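Thanks for asking me to look this one over. Here are my notes, point by point, for you to follow with the structure open beside you.

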Amino acid sequence: MQCQVCQKKEATIHLTEITDGVRSEMHLCEHCAQEEGIAVKSQLSINELLSGLLATQPSDDEMLGGAEQEKACPNCGFTLAQFTKEAVLGCPNDYEVFEKSLLPLIEKAHDGKTVHRGKVPSKTPKDTKKQMKLAALRQQLEAAVQSEDYELAAKLRDEISQKG
């Protein structure tokens with residue numbers, strides 16, 4: 001790819017900028033990049049790289065909501081401020097108490113998914129696997145009814161009654 005400025009040398013510096021959702025790319029040779037005032041560094045130290053990446057991350061207050069930080073679980077007394085320090089929750093009830101603050105974190109950590117869709121361990125008892133399959137089918141049935149896909153809903157109902 002040739003430099004977009006001089007149209008002579010090979011472009012070795014590729015810049016991508018996203019402004020207001022619009023992506024623009026610039027391909028320059030080293031000489032033209034220096035003339036444009038773009039600093040060229042052949043190697044970044046690991047500290048510079050990590051500092052740059054962390055600087056673009058939202059702060060704990062932005063992720064968890066500043067006012068919510070001191071809210072405490074009525075069961076265990078755990079707060080979001082403690083969660084930010086310890087990265088663990090106090091009890092299972094905390095998921096419900098802090099749902100509003102935790103949901104964006106969970107979505108971000110799992111590519112937008114908030115429901116477990118992973119594999120079932122092979123050592124799981126057959127009864128548990130059967131119950132999990134039935135629960136998944138009931139969820140699909142509910143979704144089919146919500147979307148008024150009654151043909152699919154009837155198939156799911158029949159499958160549930162055969163397995164249940």
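**Notes on the predicted model**

1. Let me begin with Leu-80, which sits in helix H4. Please keep in mind throughout that this is a predicted model. Is Leu-80 buried or exposed? Leu-80 has a relative accessible area of 0%, and because buried means under 20%, Leu-80 belongs to the buried residues. If you want a partner to look at alongside it, try Val-97: the two are 17 residues apart in sequence, and their C-alpha atoms are 10.0 Å apart in space.

2. Stepping back to the whole chain, you will find 8 helices and 2 strands. In what order do the elements run from the N terminus? The order is β-β-α-α-α-α-α-α-α-α, with the strands at the start and the helices after them. The chain has 164 residues, and 18% of them count as buried. About 12900 Å² of the protein chain is exposed, with 51% of that area supplied by carbon and sulfur atoms. As for contacts with a separation of 6 or more, 22% of them are accounted for by residues 24 or more positions apart.

3. Next door to Leu-80 in the numbering is Thr-79, which belongs to the loop between helix H3 (60-64) and helix H4 (80-86). Thr-79 is also buried, at a relative accessible area of 12%. What does Thr-79 touch, once its neighbours within four places in sequence are left aside? The contacts of Thr-79 are Gln-69, Glu-70, Lys-71, Ala-72 and Phe-98.

4. Glu-96 makes a useful contrast. This residue is in helix H5, which covers residues 94-97. Glu-96 is exposed, with a relative accessible area of 61%. Along the chain Glu-96 and Cys-73 are 23 residues apart, and 9.2 Å separates their C-alpha atoms.

5. Now please turn to the N-terminal part, where Cys-3 lies in the segment before strand E1 (13-19). Why does Cys-3 count as buried? Its relative accessibility is 0%, and the cut-off for buried is under 20%. Cys-3 and Cys-29 are 26 residues apart along the chain, yet their C-alpha atoms are separated by 5.3 Å. Apart from residues up to four places away in sequence, Cys-3 touches Lys-9, Glu-10, Ala-11, His-27, Leu-28, Cys-29 and Cys-32. So Cys-29 turns up both in that contact list and in the C-alpha distance given above, and you may like to display these residues together.

6. Two backbone details deserve a look. Gln-7 has a positive phi of about 60° although it is not a glycine. You will find Gln-7 in the segment before E1, and at 46% relative accessibility it counts as partly exposed. Glu-148 likewise has a positive phi of about 60° without being a glycine. This second residue is in the loop between H7 and H8, and Glu-148 counts as exposed at 57% relative accessibility.

7. That loop leads us to the helices on either side of it. How do helix H7 (residues 126-146) and helix H8 (residues 150-163) cross? Their axes come within 9 Å and cross at roughly 160°. Angles over 145 degrees count as roughly antiparallel, and H7 and H8 are therefore roughly antiparallel to each other. The crossing of H7 and H8 is left-handed. On the H7 side, the contact is made by Lys-130, Lys-133, Leu-134, Leu-137, Arg-138, Gln-140, Leu-141, Ala-144 and Val-145. On the H8 side, the residues are Tyr-150, Leu-152, Ala-153, Leu-156, Arg-157, Glu-159, Ile-160 and Lys-163. Sorted by class, the contact of H7 with H8 has 10 nonpolar, 1 polar and 6 charged residues.

8. Finally, one residue from that helix pair. Arg-138 lies in helix H7 and is among the residues that make the contact with H8. Is Arg-138 buried, exposed or partly exposed? With 46% relative accessibility, Arg-138 counts as partly exposed. Across the pair, the C-alpha atoms of Arg-138 and Leu-156 are 7.7 Å apart, with their positions 18 residues apart along the chain. Leu-156 is itself one of the H8 residues in the contact.

Notes. Residues are numbered from 1 along each chain as its sequence is written. This is a predicted model: local features need pLDDT of at least 70, side-chain atom pairs count only at pLDDT 80 or more; totals for chains, interfaces and linings use all residues. Side-chain values use heavy atoms; hydrogens and water are left out. Helices (H or I, at least four residues) and strands (E, at least two) are DSSP runs, numbered from the N terminus. Buried means under 20% relative accessible area, exposed over 50%, partly exposed in between (1.4 Å probe, protein chains only). Contact means heavy atoms within 4.5 Å. Axes are lines fitted to C-alpha atoms, for helices over the stretch in contact, and angles run from 0 to 180 degrees between N-to-C directions. Angles under 35 degrees count as roughly parallel, over 145 as roughly antiparallel, 65 to 115 as roughly perpendicular and the rest as oblique. A crossing is left-handed if the near helix is turned anticlockwise from the far one by less than a right angle, and right-handed if clockwise. Ala, Val, Leu, Ile, Met, Phe, Trp, Tyr, Cys and Pro count as nonpolar, Asp, Glu, Lys and Arg as charged, and the others, Gly among them, as polar. Accessible areas come from the Shrake-Rupley method with a 1.4 Å probe; for residues, only the protein chains shown count as cover.
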